[in-house]
Amino acid sequence: MLGTLLGTTIELRPFTLDDVPAAHAVYSDPEVMRWVGRGAVSTPAATEGMLRQYIAHQDAHGFAFWAVVDRTSGRVIGDAGLARTIEGEVEMGYTLGRRWWGGGRATEAAGLWLDAAFRQLDIPRLRALVEAPNLGSRHVLEKLGFRQDGSTIAFDRVHLVYRLSRTTYAPKADRSDGLT
Ligand SMILES: CC(C)(COP(=O)(O)OP(=O)(O)OC[C@H]1O[C@@H](n2cnc3c(N)ncnc32)[C@H](O)[C@@H]1OP(=O)(O)O)[C@@H](O)C(=O)NCCC(=O)NCCS
């Protein structure tokens, strides 16, 4: 079973229902949720419903959207994780509270999931969906080696599809391009 994923500034662990208040602080912010799902989540009960789905997904598949915990403060600052799609692919996503943007945490969280997916969970390929104007998220994906591969409709909006295969994945320590 996949254990806590430990990074430099953050750690990732499965959500519990104790995380509802911290998660709701993130999911209820319209600016954070501008490009996520159906936008800001209006009630703590709705956030609890999302966390229950993540917990059920974890039980079913051994991975899910997990809590991103700031290692200095111990606070839950957002989510990052993997979800199985109805087409049978595995999709990566991440959402962080606004005050934690711009510090490399999304790149760190996504990198931890890439290592887990390709080296521990034996997932052959990941996809990620992102709307074209969400340049920060696209940059995170591109830094990690994802490449654009068409587009699709999700939540009634056009999304770019990015994909990365285990065979083309170059973990940070193995990269020769100097990217972090
Ligand atoms: C997208 C998001 C996860 C990025 O988190 P983050 O911790 O700020 O990301 P990082 O710091 O690891 O990396 C962001 C990179 O994009 C760059 N970037 C950010 N905004 C940008 C913009 N508007 N245009 C171009 N580049 C941008 C940053 O400079 C950084 O690149 P660098 O490391 O080369 O300097 C965060 O903004 C977020 O949670 N947004 C709301 C939820 C969301 O949109 N999730 C993704 C849905 S697809």
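## A tour from the sheet to the ligand

Start by selecting Pro 14 and Trp 66: Trp 66, in β3, is the bridge partner of Pro 14. The coordinates on screen belong to a predicted model. Now widen the selection to residues 10-14 and 65-70, the strands β2 and β3, which pair in the antiparallel sense over five bridges. Another pair to pick out here is Ile 10 with its bridge partner in β3, Asp 70.

**The β1 side.** Add β1, residues 5-6. Two bridges join β1 to β2, and the two strands run antiparallel. Leu 5 stands opposite Leu 12 of β2. Three residues lie between β1 and β2 in the hairpin that they form.

**The whole sheet.** Select every strand from β1 to β8 and follow the order β1-β2-β3-β4-β5-β6-β8-β7. These eight strands form an open sheet with mixed pairing. Strands of a sheet pair through backbone hydrogen bonds, either parallel or antiparallel. Which strands stand at the edges? They are β1 and β7 (147-154); each has a single partner strand, so one side of each is left without a neighbour in the sheet.

Keep the sheet displayed and add α3, residues 105-120. This helix packs on the sheet, where α3 touches β1, β2, β3, β4 (76-84), β5 and β6 (125-130). The direction of α3 makes about 155 degrees with that of β5.

**The α1 and α2 pair.** Next, select helix α1 (residues 20-27) and helix α2 (residues 44-61). Their axes come within 9 Å and cross at roughly 110 degrees, which means that α1 is roughly perpendicular to α2. To see the contact, show the side chains of Val 20, Pro 21, Ala 23, His 24 and Tyr 27 on α1, and those of Pro 44, Thr 47, Glu 48 and Leu 51 on α2. By class, the residues of this contact are six nonpolar, two polar and one charged.

**The ligand.** Finally, centre the view on the ligand, which 20 residues surround. Label Ala 106, Thr 107, Leu 135, Gly 136 and His 139, the closest of them. Which elements give two or more residues to this shell? Colour β5 (90-96), α3 and α4 (135-143) to see them. The largest share, five residues, comes from α4. Colouring the shell around the ligand by class gives ten nonpolar, nine polar and one charged residues.

Note on methods: Residues are numbered from 1 along each chain as its sequence is written. This is a predicted model: local features need pLDDT of at least 70, side-chain atom pairs count only at pLDDT 80 or more; totals for chains, interfaces and linings use all residues. A residue is near a molecule or strand if its C-beta atom, placed from the backbone, lies within 6 Å of it. Helices (H or I, at least four residues) and strands (E, at least two) are DSSP runs, numbered from the N terminus. Ala, Val, Leu, Ile, Met, Phe, Trp, Tyr, Cys and Pro count as nonpolar, Asp, Glu, Lys and Arg as charged, and the others, Gly among them, as polar. Axes are lines fitted to C-alpha atoms, for helices over the stretch in contact, and angles run from 0 to 180 degrees between N-to-C directions. Angles under 35 degrees count as roughly parallel, over 145 as roughly antiparallel, 65 to 115 as roughly perpendicular and the rest as oblique. Two residues are in contact if their C-beta atoms, placed from the backbone, lie within 7 Å. Two strands pair if DSSP finds at least two bridges between them.
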